[in-house]
Amino acid sequence: MSNIFFESIEQCQIEKFFNNFSFENCVFFELVSNNVSIGFYGVKTITEKICEISLYIYEKYRGKFTKDVTKKCLEFPFILGFNKIIIRTESEKMRRFLCKLTKYGVNYLFKHYDNYLFEVS
């Protein structure tokens, strides 16, 4: 199993990677797998128990995105105390990927304009 963890970072370190993600009520983390930074992870508080997550994986690691990393990204907000996660994507490829994660609690909600919305609970 991979050694995967989230290292807290300041917003200014990641603004160029999350241009479509609101920074209000957000905390950001560097995503580290086997002692290598593979991207960034954002958790935006919507309500006390609901958050939205966003993920940016560096291009050179996208083909190496593992099941362990996926599971950690889906579990992390629950460790922070949330009981529901919202995921939004414009990417059809990411929509197809997320639709395959029902065994991890990911459920497709609907398409709103150019965004596909999912929830994890």
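These legends go with a set of close-up views of a predicted model.

**View 1. The main nonpolar core, built from strands and a helix.** This is the largest nonpolar core in the model, with 24 residues. Phe6, Leu31, Tyr41, Val43, Ile53, Ile87 and Val106 are the ones with the most contacts inside it. Two or more residues each come from β1 (4-9), β2, β3, β4 (50-57), α1, β5 and β7. Which element gives the largest share? That would be α1, with four residues. As background, nonpolar side chains in soluble globular proteins tend to be buried together.

**View 2. Valine 43 and its surroundings.** Here we zoom in on Val43, one of the core residues with the most contacts. Setting aside neighbours within four places in sequence, valine 43 touches Asn25, Cys26, Val27 and Phe29, then Cys51, Glu52 and Ile53, and finally Leu80 and Phe82. Apart from the main core lies another one, of five residues. Among its members are Ile14, Cys26, Phe28 and Phe40, and Cys26 is also on the contact list of valine 43.

**View 3. Phenylalanine 82, a loop residue tucked away.** Phenylalanine 82 belongs to the loop between α1 (67-79) and β5. Is this loop residue buried or exposed? Its relative accessibility is 11%, so phenylalanine 82 counts as buried, the cut-off being under 20%. Beyond neighbours within four places in sequence, phenylalanine 82 is in contact with Val43, Thr45, Thr47, Glu48, Lys49, Ile50, Cys51 and Pro77. Take Cys51 from that list: cysteine 51 is 31 residues away along the chain, yet the two C-alpha atoms are separated by 6.7 Å.

**View 4. A salt bridge between strands β5 and β7.** The whole structure has five salt bridges, and this view shows the one between glutamate 119 and lysine 84, with the closest N and O atoms 3.3 Å apart. Glutamate 119 sits in β7 (residues 115-120) and lysine 84 in β5 (residues 84-89), so the pair ties together parts of the chain 35 residues apart in sequence. How do the two partners sit relative to the surface? Glutamate 119 is buried, at 18% relative accessibility, whereas lysine 84 is partly exposed, at 27%.

**View 5. Charged side chains along helix α2.** Glutamate 92 and arginine 96 form a salt bridge, with 3.7 Å between the closest N and O atoms. Why is this pairing within reach along the helix? The two are four residues apart in α2 (residues 92-99), which means that about one helical turn separates them. Both ends are partly exposed: glutamate 92 has a relative accessible area of 32%, and arginine 96 comes in at 42%. Arg95 joins in as well, since salt bridges with shared partners link Glu92, Arg95 and Arg96 into one network.

**View 6. The glutamate 59 and arginine 62 pair.** In this salt bridge, the side chains of glutamate 59 and arginine 62 meet at 3.8 Å, N to O. Glutamate 59 is exposed, at 62% relative accessibility, while arginine 62 is partly exposed, at 41%.

**View 7. Two asparagines with positive phi.** Now for the loop between β2 (26-33) and β3 (36-45), where asparagine 34 is found. Asparagine 35 is in that loop too. Neither is a glycine, but asparagine 34 has a positive phi of about 50° and asparagine 35 one of about 65°. As for the surface, asparagine 34 is partly exposed, with a relative accessible area of 44%, and asparagine 35 is exposed, with 64%.

Definitions and conventions: Residues are numbered from 1 along each chain as its sequence is written. This is a predicted model: local features need pLDDT of at least 70, side-chain atom pairs count only at pLDDT 80 or more; totals for chains, interfaces and linings use all residues. Side-chain values use heavy atoms; hydrogens and water are left out. Buried means under 20% relative accessible area, exposed over 50%, partly exposed in between (1.4 Å probe, protein chains only). A salt bridge is a side-chain nitrogen of Lys or Arg within 4 Å of a carboxyl oxygen of Asp or Glu. Contact means heavy atoms within 4.5 Å. A nonpolar core is a set of buried Ala, Val, Leu, Ile, Met, Phe, Trp, Tyr and Cys residues joined through side-chain atoms within 4.5 Å.
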